[in-house]
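Please read these comments with the structure open beside them. They are meant for someone meeting it for the first time.

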Amino acid sequence: MNTEGIRHLDRARVPEGTNRVYLRASLLTLAGNVVLAVAKGMVARASGSQAIYADAINSASDVAFSLLMVLVLRLALQPADESHPHGHSRFEPLVSLTIGVMMALAGAEAVRSAVRALIAGPEEIRGIWPLIVPAATMLLKSAMYWQVTRLANQVSSSALRASARDNLSDILTAAVVLLGVGANASGVHLADPIAALGVSAWIFRNAYLVLSESIRHLAGGAAPPELYAQVRQAISAAPGVLSIDQLIVEHVGPQLRVDVHIIMDSQTTLQQVHLTSHAVRDAVEALPGVEHAFVHVEPLERLP
């Protein structure tokens with residue numbers, strides 16, 4: 001058998017401009033989180049607010065995963081090579097997994113600090129900055145959420161969506177912090193460590209959402225039912241397809257891969273089989289989120 005000219009690497013499927021979108025989202029996230037982490041840390045130390053301290057820890061973890069996004073997502077967009085013949089896209093859910101773990105660790109530290117403050121006895125928080133910082137956080141994180149979500153949708157990135165969800169989480173946690181600090185200023189001193197516990201609970205919730213999605217992508221989780229319906233419709237519309245014998249749509253990293261067995265008339269010419277299988281592949285790969293479609297053709301014997 002002549003093996004010359006056989007392709008051993010997958011063809012490149014990274015859309016043009018994707019690298020710029022990832023870089024823009026990563027740098028935007030990194031810059032915003034660095035500013036907030038420094039500001040919250042300084043105010044927490046000066047005021048003694050446990051709620052702001054918990055939020056500062058959350059922002060510090062945000063800085064760490066922002067750095068991971070800048071470094072690892074660049075690797076995920078590299079084309080296929082001899083060591084990774086299907087490309088490097090599976091590195092992306094590893095970033096989401098790391099984000100989820102770091103969020104969980106941040107939540108644990110926030111709980112520890114809040115419980116310690118409750119045992120020692122809460123203190124009065126003085127100054128205007130403990131009120132300004134959470135309000136400013138809500139404004140900045142709102143802008144970051146909408147911008148990163150828009151960029152994530154452009155490239156269908158699970159890691160960027162995880163980052164956007166973390167921004168949304170930070171908006172709500174900042175609101176809790178603002179309520180806790182405001183109540184403390186009104187004389188309800190227990191409100192600050194209780195708000196810190198509320199912040200940690202929300203961090204844990206979002207860590208669970210990020211971890212569950214990244215694990216599903218790494219473990220080859222199935223596609224949602226509505227996408228199955230779209231895939232079946234695209235396959236059935238191809239000329240010459242009589243029926244579908246087998247259909248599997250699963251995650252391979254953040255993208256989806258489709259494995260389908262179609263039924264065609266056994267009297268169909270090889271040329272027509274070739275054209276139909278390529279038509280099915282192109283139609284399925286045109287669907288959002290689908291990276292590859294593998295098409296197998298089964299013959300249907302017709303009685304004379």
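The numbered points below take up a few helices and residues in turn.

1. The model is a predicted one, and the comments that follow should be read with that in mind.

2. Helix α4 covers residues 129–155, and because a helix is expected to rise 1.5 Å a residue, its 27 residues should span 39 Å. The C-alpha atoms at the two ends of α4 lie 38 Å apart, which agrees with that expectation.

3. Several residues of α4 are buried, among them P130, V133, P134, T137 and K141 in one part of the list, and M144, Y145, V148, T149, L151, A152 and V155 in the other. As background, an α-helix has 3.6 residues a turn, so residues three or four places apart point the same way. Just after α4, S156 adopts a positive phi of about 50 degrees.

4. Turning to the surface, V34, V38 and M42 together make a nonpolar patch of about 270 Å². M42 belongs to helix α1, which comprises residues 18–47, and M42 counts as exposed because its relative accessibility is 59%, where the cut-off for exposed is over 50%.

5. Is V111 of helix α3 (residues 91–120) buried, exposed or partly exposed? With a relative accessible area of 26%, V111 is partly exposed, since that class lies between under 20% for buried and over 50% for exposed.

6. Leaving aside residues up to four places away in sequence, V111 touches L197, S200 and F204. The C-alpha atom of V111 is also separated by 8.0 Å from that of A54, although these two residues are 57 residues apart along the chain.

Definitions and conventions:
Residues numbered from 1 in each chain as written. Predicted model: local features only at pLDDT ≥ 70, side-chain atom pairs only at ≥ 80, totals over all residues. Heavy atoms only, no water. Helix = DSSP H or I, 4+ residues; strand = E, 2+ residues; numbered from the N terminus. Expected span 1.5 Å × (residues − 1). Buried < 20%, exposed > 50% of the residue type's maximum accessible area, 1.4 Å probe, protein only. Patch = residues over 30% accessible without salt bridge, like charges linked within 9 Å, V, L, I, M, F, W, Y side chains within 5 Å. Areas by Shrake-Rupley, 256 points an atom, 1.4 Å probe, with all protein chains shown as cover. Salt bridge = Lys/Arg side-chain N within 4 Å of Asp/Glu carboxyl O. Contact = heavy atoms within 4.5 Å.
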